[in-house]
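Work through the exercises below with the model open beside you. Try each task before you read its solution.

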Amino acid sequence: MYDYKTIYVVFCCIDMENKTFEKVGLKWGLIVFALLGAYFGLLQLLGFVHILELRLFNGVIMYFGIYKAIKEFKKSSHNFSYFTGLGTGVITAFVATMAFTVFGFGYLMLNPEFMLEIKEKETLGIYINEYGAVMQIFIEGIASGCVMSYANMQLLKVPRLSSAN
């Protein structure tokens, strides 16, 4: 019924035969979300979820996903430009961040003990609630994703030849 080039991703059907920067960003955003969720689950399982320094690996995961998304779009598109590459990275970051924010909100609502642990163990924990924690996830993800998109485009942009000899 469907050809082999059709990829099914959580709740979405993305036809990767006609790659656009939006489709590539959506695909890699969902992959980054899955990796972030798996990493969070691993930290939770091992009891390391409160070690703030380990959250830096979230940035590594986001950077990897944005890099792979821009690189895939660049390889598959003859319409690649600086701004379409940047857009691919920003969409990847936005999709991953929105999905992880919803996941984080759901986790905090279903596991109120986790929020109590945050309030007890974090420096400014007494001032934070579920909504503040979710807003922090969102802002942190979007800001770092935009910076990482810009950084990746410095590596992957198509160089322009100067007309002056």
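**Exercise 1. Classify E72, then find its partners.**
Task: Is E72 buried or exposed, and which residues meet it in salt bridges?

Solution.
- Step 1. Take the relative accessibility of E72 in this predicted model, which is 14%. The cut-off for buried is under 20%. So E72 counts as buried.
- Step 2. Look for a first partner. K19 and E72 meet through their side chains in a salt bridge, 3.2 Å from N to O. E72 sits in helix α2, while K19 is in the loop between β2 (12–15) and α1. The pair is 53 residues apart and links distant parts of the chain.
- Step 3. Classify K19. Its relative accessibility is 29%, so K19 counts as partly exposed.
- Step 4. Look for another partner. K27 also forms a salt bridge with E72, with the closest N and O atoms 3.0 Å apart. K27 lies in helix α1 and E72 in helix α2, so this pair ties together parts that are 45 residues apart in sequence.
- Step 5. Join the pairs. K19, K27 and E72 are linked in a network of salt bridges.

**Exercise 2. Describe the surroundings of K27.**
Task: Where does K27 lie, and is K27 buried or exposed?

Solution.
- Step 1. Place the residue. K27 belongs to helix α1.
- Step 2. Apply the cut-off. The relative accessible area of K27 is 16%, so K27 is buried.
- Step 3. Check the backbone. The C-alpha atoms of K27 and T92 are separated by 7.7 Å. Along the chain, these two residues are 65 residues apart.
- Step 4. Check the side chain. A polar contact of 3.0 Å joins K27 to the side chain of E72.

**Exercise 3. Complete the salt-bridge list.**
Task: How many salt bridges does the model contain, and which residue pairs with E140?

Solution.
- Step 1. Count. The total comes to 3 salt bridges.
- Step 2. Find the partner of E140. R55 forms a salt bridge with E140, and the closest N and O atoms are 2.4 Å apart.
- Step 3. Locate both ends. E140 is in helix α5, and R55 is in the loop between α1 and α2. They are 85 residues apart, and the pair links distant parts of the chain.
- Step 4. Classify both ends. E140 has a relative accessible area of 36%, so E140 is partly exposed. R55 has 32%, so R55 is partly exposed too.

**Exercise 4. Analyse T84.**
Task: Which backbone atom does the side chain of T84 reach, and which residues is T84 in contact with beyond its sequence neighbours?

Solution.
- Step 1. Place the residue. T84 lies in helix α3.
- Step 2. Classify. With a relative accessible area of 18%, T84 is buried.
- Step 3. Follow the side chain. The side chain of T84 reaches the backbone nitrogen of S81 at 2.9 Å.
- Step 4. Leave aside neighbours within four places in sequence. T84 is then in contact with F21, F73 and N79.

**Exercise 5. Map the nonpolar core.**
Task: Which residues have the most contacts inside the largest nonpolar core, and which element gives the largest share of this core?

Solution.
- Step 1. Start from a general tendency. Nonpolar side chains tend to be buried together in soluble globular proteins.
- Step 2. Size the core. The largest nonpolar core has 29 residues. M62, L108 and F114 have the most contacts inside it.
- Step 3. Assign elements. Two or more residues come from each of α1 (21–46), α2 (56–76), α3 (82–110), α4 (112–121) and α5 (130–156). The largest share, 7 residues, comes from α1.
- Step 4. Zoom in on F114. Beyond its neighbours within four places in sequence, F114 is in contact with F40, Q44, V49, H50, Y107 and L108.

**Exercise 6. Turn to the surface and the whole chain.**
Task: Which residues make the nonpolar surface patch of about 500 Å², and how many helices and strands does the protein have?

Solution.
- Step 1. List the patch. L42, L45, L46, F48 and I51 make it.
- Step 2. Test one member. L42 is in helix α1. The relative accessible area of L42 is 43%, so L42 is partly exposed.
- Step 3. Take the total. The accessible surface of the protein is about 10,500 Å², and 68% of that belongs to carbon and sulfur atoms. Buried residues make up 35% of the 165 residues.
- Step 4. Count elements. The protein has 5 helices and 2 strands. Their order from the N terminus is β-β-α-α-α-α-α.
- Step 5. Check contact range. Take contacts between residues at least 6 apart in sequence: 68% of them join residues at least 24 apart.

Methods:
Residues are numbered from 1 along each chain as its sequence is written. This is a predicted model: local features need pLDDT of at least 70, side-chain atom pairs count only at pLDDT 80 or more; totals for chains, interfaces and linings use all residues. Side-chain values use heavy atoms; hydrogens and water are left out. A nonpolar core is a set of buried Ala, Val, Leu, Ile, Met, Phe, Trp, Tyr and Cys residues joined through side-chain atoms within 4.5 Å. Buried means under 20% relative accessible area, exposed over 50%, partly exposed in between (1.4 Å probe, protein chains only). Helices (H or I, at least four residues) and strands (E, at least two) are DSSP runs, numbered from the N terminus. Contact means heavy atoms within 4.5 Å. Patches are made of residues with over 30% relative accessible area and no salt bridge: like charges are joined within 9 Å, nonpolar side chains (Val, Leu, Ile, Met, Phe, Trp, Tyr) within 5 Å. Accessible areas come from the Shrake-Rupley method with a 1.4 Å probe; for residues, only the protein chains shown count as cover. A salt bridge is a side-chain nitrogen of Lys or Arg within 4 Å of a carboxyl oxygen of Asp or Glu. A polar contact is a pair of N or O atoms within 3.5 Å; within protein, one must be able to donate a hydrogen and the other to accept it, and residues adjacent in sequence count only if both atoms are side-chain atoms.
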